[in-house]
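Grab a pencil and have a go at these short exercises. Try each task yourself before you read the worked solution.

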Amino acid sequence: MRYRLTFVAGAVLGYVLGTKAGRERYEQMKRTALQLAQNPAVRNTAETAAQQSREFADKAYNVVSDKVGDRMPDSVAQRVHALRERAAHGPAEDDWGTSNT
């Protein structure tokens, strides 16, 4: 899916840069892209995909840390422990003052 999206983005960019239709066609494409991005169905799908990827990453993290946990240096193990504690207390603000949701 990532490669397909990259291809489509490249095709659109190539069309915009190479077209002789001019600014009017560019503005029309821009409006269409904004409408698509603001579509509730598209937003819900993107949010669902993001949530599923977070869950998958968490599962993968747990599997890897269980298998590698004893062989990690102490500094890495302490950082992992701190991150797990932070995650256990719910979403918190990150270093920039924004939430991780």
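Here come three exercises on a predicted model, each with its solution.

**Exercise 1. Work out the overall make-up of the protein chain.**

Start with the secondary structure: there are four helices and zero strands. Reading from the N terminus, that gives the order α-α-α-α. Next, check burial: of the 101 residues in the chain, 4% are buried. Finish with the surface, where the accessible area is about 9,100 Å² and carbon and sulfur atoms account for 58% of it.

**Exercise 2. Decide how α1 and α2 are oriented relative to each other.**

First, find the helices: α1 covers residues 2–18, and α2 covers residues 23–38. Second, look at their axes, which come within 9 Å and cross at roughly 155°. Third, apply the cut-off: angles over 145 degrees count as roughly antiparallel. So α1 and α2 are roughly antiparallel to each other. Last, see who's touching: α1 brings V12, Y15 and V16, and these meet R25, Y26 and M29 of α2.

**Exercise 3. Explain how V8 can belong to a nonpolar surface patch.**

Begin by placing V8, which sits in helix α1. Then take its relative accessible area, 44%, which makes V8 partly exposed. Patch members need over 30% relative accessible area, so V8 at 44% clears that bar. Its partners are F7 and V12, and together the three have about 290 Å² of accessible area.

Definitions and conventions: Residues numbered from 1 in each chain as written. Predicted model: local features only at pLDDT ≥ 70, side-chain atom pairs only at ≥ 80, totals over all residues. Heavy atoms only, no water. Patch = residues over 30% accessible without salt bridge, like charges linked within 9 Å, V, L, I, M, F, W, Y side chains within 5 Å. Areas by Shrake-Rupley, 256 points an atom, 1.4 Å probe, with all protein chains shown as cover. Salt bridge = Lys/Arg side-chain N within 4 Å of Asp/Glu carboxyl O. Helix = DSSP H or I, 4+ residues; strand = E, 2+ residues; numbered from the N terminus. Buried < 20%, exposed > 50% of the residue type's maximum accessible area, 1.4 Å probe, protein only. Axes fitted to C-alpha atoms, helices over the stretch in contact; angles between N-to-C directions. Parallel < 35°, antiparallel > 145°, perpendicular 65-115°, else oblique. Contact = heavy atoms within 4.5 Å.
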